[in-house]
There are 4 protein chains.
Amino acid sequence: MIFASDNWAGASEAVVRAVAAAAAGPARPYGRDTLTEAVEAAFASVFEHEVAVFFVATGTAANALALAHYARPGGVVICHEASHLVADEAGAPEFFGAGTRLCGVAGPGGILAPATVAAALDRYRPDLLHSGQPSAVSISQLTEAGVAWRPAEIAAVAAVAHGKGLPLHMDGARFANAVAGTGLSPADLTWRSGVDVLSFGGTKNGCMAAEAVVFFDRGTAQGFEFTRKRAGQLFSKSRFVAAQFAAYLEDGHWLALAGHANAMAARLGAAIRAAGGRLAAEPDGNELFAVLPKVAADRLKEEGAVFYDWPTAGFDIAPLGADEVFVRLVASFATREEEVDRFAALLAA
Amino acid sequence: MIFASDNWAGASEAVVRAVAAAAAGPARPYGRDTLTEAVEAAFASVFEHEVAVFFVATGTAANALALAHYARPGGVVICHEASHLVADEAGAPEFFGAGTRLCGVAGPGGILAPATVAAALDRYRPDLLHSGQPSAVSISQLTEAGVAWRPAEIAAVAAVAHGKGLPLHMDGARFANAVAGTGLSPADLTWRSGVDVLSFGGTKNGCMAAEAVVFFDRGTAQGFEFTRKRAGQLFSKSRFVAAQFAAYLEDGHWLALAGHANAMAARLGAAIRAAGGRLAAEPDGNELFAVLPKVAADRLKEEGAVFYDWPTAGFDIAPLGADEVFVRLVASFATREEEVDRFAALLAA
Amino acid sequence: MIFASDNWAGASEAVVRAVAAAAAGPARPYGRDTLTEAVEAAFASVFEHEVAVFFVATGTAANALALAHYARPGGVVICHEASHLVADEAGAPEFFGAGTRLCGVAGPGGILAPATVAAALDRYRPDLLHSGQPSAVSISQLTEAGVAWRPAEIAAVAAVAHGKGLPLHMDGARFANAVAGTGLSPADLTWRSGVDVLSFGGTKNGCMAAEAVVFFDRGTAQGFEFTRKRAGQLFSKSRFVAAQFAAYLEDGHWLALAGHANAMAARLGAAIRAAGGRLAAEPDGNELFAVLPKVAADRLKEEGAVFYDWPTAGFDIAPLGADEVFVRLVASFATREEEVDRFAALLAA
Amino acid sequence: MIFASDNWAGASEAVVRAVAAAAAGPARPYGRDTLTEAVEAAFASVFEHEVAVFFVATGTAANALALAHYARPGGVVICHEASHLVADEAGAPEFFGAGTRLCGVAGPGGILAPATVAAALDRYRPDLLHSGQPSAVSISQLTEAGVAWRPAEIAAVAAVAHGKGLPLHMDGARFANAVAGTGLSPADLTWRSGVDVLSFGGTKNGCMAAEAVVFFDRGTAQGFEFTRKRAGQLFSKSRFVAAQFAAYLEDGHWLALAGHANAMAARLGAAIRAAGGRLAAEPDGNELFAVLPKVAADRLKEEGAVFYDWPTAGFDIAPLGADEVFVRLVASFATREEEVDRFAALLAA
């Protein structure tokens, strides 16, 4: 009953097999191996578009380096105040951008309204030297609240960013869950809606350590290979990341994994509702935010369930009662129905 | 016949098995899993000393972050002019140290004489604000010329560094080959000789991507976890690096792998000598630098051998004849006797 | 009728004379001249405490370098959301701290409540690697709202900062106005209340370009000379900054200048009140924030008055009427009574 | 008898008068005052070309920010191994360029041969990710050896830089002395010979603190105002730097000052020769490098002469005798004939 985070899970069998298979024989290092080259083609196929793909070690690196590519002196990135960038990356975006500032703004469910973004950008007028100047807009798919951005929402924010000459970055640590959850195409959720650069995460969804920065305009990516190398993020045995992505993207394996995680979250949500708990929202992906009776939450933890209490700030829920707690529950590709059902049973007890 | 670099090899079977085995079941993320904790104990056992161990993605990251931990404004790192830091890391040490300067000095075979280090340090007097100030001394084991530092040599440089209050860093990308080649203990080659922090490389010697920064005084390491996290180098599924290291260090597997690589280099060296080629030096590890007849080198490449021409600067060899080339040849854990023998046969033909 | 900012004024006659007098004859460069040394003693006398004093070119440099001295990887500075650090320094604090984050919090009149600071600090728990970690608390004297911190207020925030092992920095761009306005001693407003490091501004109050970072514990300042030099902020002809400060601090000249500016602001405030305008607060120093009839403000601008419209956010004023504007008015050492009276006459017309 | 450095001198009377005159009355801050605007026109006139001019506080800032404007990840600046950048700026170029590396190369008298620059650039091939990539070439006028670059020499290096798409930066800390010494026009010594950006120094030659970054293509300068502001180098009372430059550039005052300094150096050089001393070279400007009898140097210092012993490395002089010393002697605008003659008399005694 591990619902703490999807990064508590291991790796899918297909990914493990691919990594093991990649171990034999020689290969050119530093991303010039045939497997790495093939993966770029696989990404292009998945996104129905040319791409430049750069593997990195972590999601933090993907986000920070993608934004650093667009950094300027005094640069400011507009993003959600609860985003991973702001809350969980220990200053990496600031560091790699040589002092980039994150300007966190509010939005229900982690979704930014175009007017909110426009207002934030307007605070950094090009002629106001002292305030700094915007360098990018960043959104998260899924959001930190577990919500999936829809194409029209993305496009509206992209229009604001592009109107100021700024790129739109998407933190896709849980991009697979968003694709599986919405049933929309990777293309519709990215470049067709105006996303310029994507942090594509595989680690949380069945890979071991497979993250990539994906540019949808290869020309724009020029020089990024130096940004990555200078960051100590160029793997010499790139094949072992490539193998993970190859298996991950093959025959929709990534969407099968994410679809399972999403289904487990939905099953869990239904069980919580059935037991009288409240959900902050219907889950779009594999994350649930729920109000539980404190006594039930305590019992679950005693029985071995792992999940985190969560701040209610930013969620659309009625105030908690004194005997209630607000929690986050995350399902993964490895979550089993039995775990969910045991959780449900303990909750209802 | 791949002798281009040891990072052209894949991963050892034991490492692959360990990674596969680690894929099942849940584990705490971000290095708080039991496997990661166990690996720290394994390192302590190998080094016969307390250690603080931090996994990172690449050797460049290990070196740059280790040195950044000691960085100061205007800081300067004394190292060999041909070191990996200087030649191959695209400014990562400078970047992570917020402007650290590398001061490369000369030394035969990549070994720095204590007097050379002392002279370099003397150029940065504490009262001379304008020159900057030294922040660390760094050496490489093996050196870029394939030579192993001996304890007395290390201790002599450590004494100079410590005399100025500076730490001694060792880039151990090929530390295993040095241990196997010298037959000395890991302890003798590090903390017993005055090394304060080690970049411990596993990738080149049979791992997939396993590098670690090892501090020999746990107190000194305080705060480094933030340096690593801010660098985007904290793996969420740390278990997959831990699994590699666990297999690597178990029952001397790492030394068996390195010993094989060294033996293959020795066999290759003997074959070159037998065929009339010249070696720059007797190999201490798995790297050879040799003068070959140009015609033989060309024939080998035509037949599929992969190796690089190399600049002669810094090597103690007689000037090349017009029909000679200088090359680097690197053996790995995966090099097979047949490859070496085929190389030898083609060379002698 | 220049009330746009105190940096529109020139320099006081005493400062000009001192600079001119310093121009003759040789002097050791880079701060080793006798005048610079004498100024450190003058600062010690003014503050009744040992000090380490470092001249820099601008207030932005003073703030950014003072905070950089305490920076750590993932470091966060708690300050007011409307502070100069946040609003007007184009990312300098972030840049010089190699990625320092500013965490702006609210407080009426620019004053931070200790509970607010404590709550902000609590978000960065030492064991929560992902959030970063606090590195300093910074307050502004005067605040951006023109309010002077009182010793008890400073001491309360200092206690919170020190309780976490953090230094308290004070941005004293208008420190002279605060001292003159409160009638309290420089010592009471700084180290006696727990301030560790002060950006001491002279430029806005009658100097040409004279800013200093003042540490109240000389030991703490160790290494700062490299931070300054690396920032390109070490003047070779330091005597010309020293001369400004020498004249500025001599015989209370700095307080006479500030006292005049404050008196002019008070006179202006009285005139505004008399004409039916509203003040956001009684001025503590040389800054006024006032609600004026729009028609009067327009007339004043037409007649040559210079001042800025200002956002009302954070000020304790009743909502503006449709025919009202909110403005900032700043008096300086050079403001003349006639200017104030002419402004008053035009306002009342 | 101050020959230690030209920054031991004060300021010229005309500069002092201009600064004093600028102190009266209000002026727009942050470089939007009429005096600052007028100075840009004065620079354009001096250089017979459009310019974008940015005042900064120090020569170190001018160099470091000019180069930072062109910085890239993994960027490397080719310059002389004895340049001020390398020897005297405590890592400022590395810091402001977020890790820029300085690649110092040799050249007699501080002059770089185009072949030397080309060879250095060739070490950083665009396809060799690991080595980094060149971002600029920088030369010094006068060189650190006191030699003036001639237009053909500049143009030859500029051609190499531009051939690689790189800008040519000139550190003009003693640009005035070079112009006065060669009798060539500012235009011929800069943009007509291919210089793209100049650090124009006034401080050493009669100003108090007046340094500027001058771009010869205004379009190229775009964004530099943020680089400067973020560096804490934007003076609020810009008029006081502008006043210095206005007086400095008016009616050739700067060249009169430099001409005097150069003449004093020449007079000193003649006296040294007459007394049997040796000069490393005929001075092009205000710096002499000379071999003196040790006994004479000691006597001079006892009598109050101030000058520095200097390393002979890089100078074209016969080996020193045991009773000889090598020294640097710098004249300034403030050097008086009597000082030179007294030095000469003591030397000959």
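Student: How many salt bridges are counted between chain D and chain C?
Tutor: The count there is 0. A salt bridge here is a side-chain nitrogen of Lys or Arg within 4 Å of a carboxyl oxygen of Asp or Glu. Keep in mind that this is a predicted model, where local features need pLDDT of at least 70, side-chain atom pairs count only at pLDDT 80 or more, and totals for chains, interfaces and linings use all residues. Residues are numbered from 1 along each chain as its sequence is written, chains are lettered from A and ligands numbered from 1 in the order written, and side-chain values use heavy atoms, without hydrogens and water.

Student: OK, how many residue pairs are in polar contact across chain D and chain C?
Tutor: The rule finds 28 such pairs, both residues at pLDDT 80 or more. A polar contact is a pair of N or O atoms within 3.5 Å; within protein, one must be able to donate a hydrogen and the other to accept it, and residues adjacent in sequence count only if both atoms are side-chain atoms.

Student: Which elements of chain D touch chain C with two or more residues?
Tutor: They are α1 (13–22), α3 (59–68), α5 (92–96), α9 (224–230) and α10 (239–249) of chain D. Helices are DSSP runs (H or I, at least four residues), numbered from the N terminus.

Student: How much area do chain D and chain C bury between them?
Tutor: About 3700 Å², with 63% of it on carbon and sulfur atoms. Buried area is the accessible area (1.4 Å probe) that two parts lose on being put together, summed over both.

Student: Which residues of chain D lose the most area to chain C?
Tutor: Trp8(D), Phe95(D) and Lys237(D). Together they make up 20% of what that side buries.

Student: Switching pairs. What about the area between chain A and chain B?
Tutor: Chain A and chain B bury about 3600 Å². On the chain A side, Trp8(A), Phe95(A) and Lys237(A) lose the most.

Student: How many residues does each give to the contact?
Tutor: Chain A gives 45 and chain B gives 45. Contact means heavy atoms within 4.5 Å.

Student: How does chain A lie on chain B?
Tutor: A turn of 180° with a shift of 0.0 Å along the axis does it, at an RMSD of 0.0 Å. The two copies are thus related as by a two-fold rotation axis. The superposition is by least squares on C-alpha atoms of residues with pLDDT of at least 70 in both.

Student: Which C-alpha of chain A is nearest the axis?
Tutor: That of Ala57(A), 3.1 Å from the axis.
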